[in-house]
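Me: I'm new to reading protein structures. Could you walk me through a few features, step by step?
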Amino acid sequence: MTSWAKAPDFADQPARRAEVRAQTVVDQERYLEDGLTPLRCQACHTEVRVRKSSARQTSVQWTENPAERCPVFAELSAKGHGPGRPDTCERLQKTIKWAVDEGVLEVPE
């Protein structure tokens, strides 16, 4: 029985499979770790990790479930809204803007 996959698994090419796995580790570090700065929301003190990739693009990683720490997300969760609705909290956005204005977060040019 065959199964469908988006990408080949290179099961018959152990060296290539090892290369792909090694590159995956590098990619995960690059996209999920590099350049992230710990930042506490000035309103609720929830800590997130933030990276500015440009003036318009911001990555936010929550260190805990937002619905358990942020009052805005807790209220939305209580009303039945799932993750990603909204994408972030207005209060956190203000904190991020403050961090950029104060030089805490760098914005690449």
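Me: How far is the sulfur of Cys44 from the closest cysteine sulfur, and which residue holds that sulfur?

Reply: Good place to start, and keep in mind that this is a predicted model. A disulfide is a pair of cysteine sulfur atoms within 2.5 Å. Here the sulfur of Cys44 lies 4.0 Å from the closest cysteine sulfur, which belongs to Cys41, so the two are too far for a bond.

Me: How many disulfides does a search of the whole structure find?

Reply: The search of the whole structure gives 0 disulfides.

Me: Is Cys41 buried or exposed?

Reply: The general idea is to look at relative accessible area, where buried means under 20%. Cys41 has a value of 3%, so Cys41 is buried.

Me: Now backbone angles. What sign does phi usually have?

Reply: Most residues other than glycine have a negative phi. In this structure, Phe10 is not a glycine, yet its phi is positive, at about 55°. His45 is not a glycine either, and its phi is positive too, at about 70°.

Me: Where is Phe10 found, and where is His45?

Reply: Phe10 sits in the segment before helix 1 (14–32). His45 belongs to the loop between strand 1 (37–40) and strand 2 (47–52).

Me: Which of the words buried, partly exposed or exposed fits Phe10, and which fits His45?

Reply: Use the cut-offs again: under 20% is buried, over 50% is exposed, and in between is partly exposed. Phe10, at 18% relative accessibility, counts as buried. His45 has a relative accessible area of 48%, so His45 is partly exposed.

Notes: Residues are numbered from 1 along each chain as its sequence is written. This is a predicted model: local features need pLDDT of at least 70, side-chain atom pairs count only at pLDDT 80 or more; totals for chains, interfaces and linings use all residues. Side-chain values use heavy atoms; hydrogens and water are left out. Buried means under 20% relative accessible area, exposed over 50%, partly exposed in between (1.4 Å probe, protein chains only). Helices (H or I, at least four residues) and strands (E, at least two) are DSSP runs, numbered from the N terminus.
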